[in-house]
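Work through the exercises below with the sequence and the model at hand. Each task is followed by a solution in steps.

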Amino acid sequence: MILFNTTFNLDTSVETEWVNWAKDVYFTNALDSGFVVRHHLMRLRYEEEGNGSTYSLRLFFEKESHLEKFLEDWEQKAMDDLAKRFGTGAVYFQTILDVVI
């Protein structure tokens, strides 16, 4: 099992709209790809005031080939859409992890 994680830091001015985008657009399209077997959206519980909000958007894949196809066909389009909608109000970094247990 492979975890594709995208961690976002959001300006408070875009947080509500971003959560709706993640739920209604990102996850819907990711699940429609047929490759994602599980997904989660997590919010960091404790943050310093004034630094925005931090979220972790997690997608799980059974096979490396499924992740590669997802990244090739869909992920960059989603991040381009994100940049157009939210600009610098939503910054992110991505990691790929192997599930051990």
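**Exercise 1.** Classify arginine 43 as buried, partly exposed or exposed, and describe its salt bridge.

Solution. The model is predicted, and the values that follow are computed from it.

Step 1. The relative accessible area of arginine 43 is 45%. Buried means under 20% and exposed means over 50%, so arginine 43 is partly exposed.

Step 2. The side chain of arginine 43 forms a salt bridge with that of glutamate 15, at 3.3 Å from N to O.

Step 3. Arginine 43 belongs to strand β2 (residues 36-43) and glutamate 15 to helix α1; with their positions 28 residues apart, the pair links distant parts of the chain.

Step 4. Glutamate 15 has a relative accessible area of 14%, so it counts as buried. The salt bridge thus joins a partly exposed arginine to a buried glutamate.

**Exercise 2.** How many salt bridges are there, and what separates the partners of those in helix α2 in sequence?

Solution.

Step 1. The count is 3 salt bridges. The pair of arginine 43 and glutamate 15 is one of them.

Step 2. Aspartate 73 and lysine 69 meet through their side chains at 2.9 Å, N to O. These two residues are 4 residues apart in helix α2, which means a separation of about one helical turn.

Step 3. Aspartate 73 is partly exposed, at 32% relative accessibility. Lysine 69 is partly exposed too, at 36%.

Step 4. Arginine 85 and aspartate 81 form a salt bridge at 3.0 Å, N to O. Both lie in helix α2, again 4 residues apart, or about one turn of the helix.

Step 5. Arginine 85 has a relative accessible area of 42% and is partly exposed. For aspartate 81 the value is 24%, which also makes it partly exposed.

**Exercise 3.** Which residues form the negative surface patch, and which helix gives the most to it?

Solution.

Step 1. The patch consists of Glu64, Glu68, Glu72 and Asp98.

Step 2. Helix α2 (residues 64-86) gives the most, with 3 residues.

Step 3. Take glutamate 72, which lies in helix α2. Its relative accessibility is 61%, so it counts as exposed.

**Exercise 4.** Is tryptophan 18 buried or exposed, and how far is its C-alpha from that of leucine 82?

Solution.

Step 1. Tryptophan 18 sits in helix α1 (residues 15-32).

Step 2. Its relative accessible area is 0%, so tryptophan 18 is buried.

Step 3. The C-alpha atoms of tryptophan 18 and leucine 82 are 8.6 Å apart in space, while the two residues are 64 residues apart in sequence.

**Exercise 5.** Describe the order of helices and strands along the protein chain, then judge its compactness from the radius of gyration.

Solution.

Step 1. The protein chain has 2 helices and 4 strands. Along the sequence they follow the pattern β-α-β-β-α-β.

Step 2. The radius of gyration is 14 Å, and the globule rule gives 13 Å for 101 residues; the two are close, so the protein chain is as compact as a globular protein of that length.

Step 3. Along the principal axes, the C-alpha atoms fill a box of roughly 40 × 30 × 20 Å.

Step 4. Of the 101 residues in the protein chain, 36% are buried. Tryptophan 18 and glutamate 15 are among them.

Technical notes. Residues numbered from 1 in each chain as written. Predicted model: local features only at pLDDT ≥ 70, side-chain atom pairs only at ≥ 80, totals over all residues. Heavy atoms only, no water. Patch = residues over 30% accessible without salt bridge, like charges linked within 9 Å, V, L, I, M, F, W, Y side chains within 5 Å. Areas by Shrake-Rupley, 256 points an atom, 1.4 Å probe, with all protein chains shown as cover. Salt bridge = Lys/Arg side-chain N within 4 Å of Asp/Glu carboxyl O. Lys, Arg positive; Asp, Glu negative; His and termini not counted. Charge placed at Lys NZ, Arg CZ, Asp CG, Glu CD. Buried < 20%, exposed > 50% of the residue type's maximum accessible area, 1.4 Å probe, protein only. Rg over C-alpha atoms; globule rule 2.2 N^0.38 Å.
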